[in-house]
Amino acid sequence: MTIKKIKYLIFIENAEQVEMFENYSCKENFYDNYKIIAIGPSAQAALIKLDIKFDKSDHYFSNNDHIHVLKKADEII
């Protein structure tokens, strides 16, 4: 029986959030425990610039899903 390790998901919406997040991604074994999902193109560009691994949100969300996620994130923030 194979046991899958649970990863925590981190959603990053924009480049400003990447700047705040940069120090955390340098920790040892970071990618063993976390998966980064980049929602906006500015977040993707900033993550690429810093060579931080991420998945594009397109793999997980439709256009309508993106709208709902961004609205909910604004409510939470």
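**Close-up views of a predicted protein model**

**Figure 1. Overview of the predicted model.** Among contacts in the protein (heavy atoms within 4.5 Å) between residues at least 6 apart in sequence, 60% join residues at least 24 apart. This is a predicted model, in which local features need pLDDT of at least 70 and side-chain atom pairs count only at pLDDT 80 or more, while totals for chains, interfaces and linings use all residues. Residues are numbered from 1 along each chain as its sequence is written, and side-chain values use heavy atoms, with hydrogens and water left out. The protein has 4 helices and 3 strands, where helices (H or I, at least four residues) and strands (E, at least two) are DSSP runs numbered from the N terminus. Read from the N terminus on, these elements follow the order β-α-α-β-α-β-α. Of the 77 residues, 23% count as buried, a term that stands for under 20% relative accessible area, whereas exposed stands for over 50% and partly exposed for values in between (1.4 Å probe, protein chains only).

**Figure 2. The two sides of helix H1 (residues 15–25).** Val-18, Phe-21 and Ser-25 are the buried residues shown in H1. Because they cover an arc of only 80° around the axis, they sit on the same side of H1; the arc is that of the directions from the helix axis to the C-beta atoms. The buried residues of H1 pack against strand S1 (8–12), helix H2 (30–33), strand S2 (34–38) and helix H3 (41–49). On the face turned away from the buried side, H1 carries the exposed residues Glu-16, Glu-19, Met-20 and Asn-23.

**Figure 3. The N-terminal end of H1, capped by Asn-14.** A side-chain oxygen of Asn-14 lies 3.2 Å from the backbone nitrogen of Glu-16.

**Figure 4. Ser-57, in the loop between strand S3 (55–56) and helix H4.** Ser-57 counts as buried because its relative accessibility is 0%. A polar atom of the Ser-57 side chain lies 3.4 Å from the backbone oxygen of Ile-39. When its neighbours within four places in sequence are left aside, Ser-57 is in contact with Ile-37, Ala-38, Ile-39 and His-66.

**Figure 5. Confidence in helices H3 and H4.** Among the elements of the protein, H4 (residues 63–76) has the lowest mean pLDDT, 78, and H3 the highest, 93; pLDDT is the predictor's confidence in each residue, from 0 to 100. For the protein, the mean pLDDT is 84, and 96% of its residues reach 70 or more.

Methods. Polar contact = N/O pair within 3.5 Å; in protein donor to acceptor, adjacent residues only side chain to side chain.
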